[in-house]
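User: I'm just getting started with protein structures and would like a close look at one small part of this one. Could you walk me through it slowly?

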Amino acid sequence: MPEDAESPKLRSNRAALPHKVGYALRHPERVGPYLRRAGRDAWLRLTHPDHVGYYRAVMASDTRRDPQAAVGSRTHDRWLALGRMQFEYLVEHGLRPEHRMLDIGCGNLRGGWRFIDHLDTGHYYGIGISPDILIAAKRTVTEHGLQAKLPHLTLTGDLRLDFLPGDHFDVVHAHSVFSHSPLRVIDECLAHVGRVLTATGFFDFTFDRTEGAEHHVLREDFYYRTDTLLTLAAQRNLHARFMEDWERRPHGQSKIRVSRSPLPPRAA
Ligand SMILES: C[S@@+](CC[C@H](N)C(=O)[O-])C[C@H]1O[C@@H](n2cnc3c(N)ncnc32)[C@H](O)[C@@H]1O
């Protein structure tokens with residue numbers, strides 16, 4: 001499901017049979033593509049039992065077809081708009097050129113190229129699990145003439161972040177990554193992100209929110225209750241806040257911010 005689908009942030013349980021039947025009746029033309037995707041995903045799950053290996057294979061297959069669609073945007077205009085939305089939000093929240101930023105699951109730099117452009121040379125660090133999408137990310141750097149900014153683009157197999165220095169990043173960002181992650185991947189990230197954040201830094205991540213039963217679709221799209229993620233962060237000694245102002249943006253996901261130190265009071 002593309003994240004820029006014009007749908008509300010709170011969705012019904014997409015894994016439930018009544019939802020599937022209703023959806024198929026409303027969109028009969030999408031049944032064939034869904035069945036093909038379900039078949040492909042079943043095969044990839046069989047051949048890649050661990051989640052990261054599985055999702056890497058999904059990204060390889062999606063990127064071969066279209067890197068922009070692989071990160072969730074149906075058209076180039078939506079790709080640009082989704083990147084701008086990420087960028088403008090963080091700039092409104094104080095992202096300055098001298099800050100150091102870690103972009104977890106940076107994809108093909110939909111938001112990343114704007115961050116690279118804005119930040120001082122060498123201050124952008126993008127990581128991801130998919131070699132195919134990182135190659136597409138390098139193309140984005142070239143297309144936008146950002147070589148002189150020397151962005152770091154690094155492949156990782158997990159989110160322990162152990163190859164990165166402690167107390168280093170002012171902003172850590174994961175846009176539309178935890179919407180594709182089982183809880184243990186999110187927990188692994190929350191267990192380690194505090195080490196790489198500065199004392200005043202923060203980590204923003206988006207997620208697909210449900211107020212009903214938590215569920216996933218094809219192990220590609222995961223739906224969580226806000227409390228589940230706030231509790232997980234607290235268990236990792238992080239301060240956490242649901243970002244109300246993100247809810248007003250035309251985007252299908254919600255956002256949580258976590259930090260080592262208490263977050264400043266919300267602006268009135
Ligand atoms: C929907 S794309 C979003 C990309 C980018 N953040 C953006 O907004 O354009 C999800 C990205 O997260 C990456 N990803 C998924 N699971 C990950 C994980 N456990 N660790 C790091 N990256 C991951 C995928 O390879 C993919 O590039």
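How many bridges join E6 to E7, and do the two run parallel or antiparallel?

Analyst: Happy to. Before we start: this is a predicted model, where local features need pLDDT of at least 70, side-chain atom pairs count only at pLDDT 80 or more, and totals for chains, interfaces and linings use all residues. Residues are numbered from 1 along each chain as its sequence is written.

Now your question: E6 and E7 are joined by 3 bridges and run antiparallel. The names come from DSSP runs, numbered from the N terminus: helices are H or I runs of at least four residues, and strands are E runs of at least two. Two strands pair if DSSP finds at least two bridges between them. One of the bridges links Val-217 with Asp-221 in E7.

Together E6 and E7 make a hairpin, with 3 residues between them. Look at Leu-218 in that turn: its phi is positive, about 60°, although Leu-218 is not a glycine. Why is that worth a glance? Most residues other than glycine have a negative phi. Leu-218 sits in the loop between strand E6 (215-217) and strand E7 (221-224). Leu-218 counts as partly exposed because it has 17 C-beta neighbours inside 10 Å. For that label, C-beta atoms are placed from the backbone, and a residue is buried if 20 or more other C-beta atoms lie within 10 Å of its own, exposed if 12 or fewer, and partly exposed in between.

E7 has another partner too: E5 and E7 pair in the parallel sense, over 2 bridges. There, Asp-208 stands opposite Tyr-223 in E7.

E7 also helps to cover a helix, H9 (residues 226-235), whose buried residues are Leu-229, Leu-232 and Ala-233. These three cover an arc of only 100° around the axis, so they lie on the same side of H9. (The arc is that of the directions from the helix axis to the C-beta atoms.) It helps to know that an α-helix has 3.6 residues a turn, so residues three or four places apart point the same way. On the face turned away from the buried side, H9 carries the exposed residues Asp-227, Thr-231 and Gln-235.

What covers the buried residues of H9 includes helix H8 (183-196), strand E5 (197-209), E7, strand E8 (239-242) and strand E9 (254-259). Contact here is when the C-beta atoms of two residues, placed from the backbone, lie within 7 Å. Just after H9, Asn-237 takes a positive phi of about 60°.
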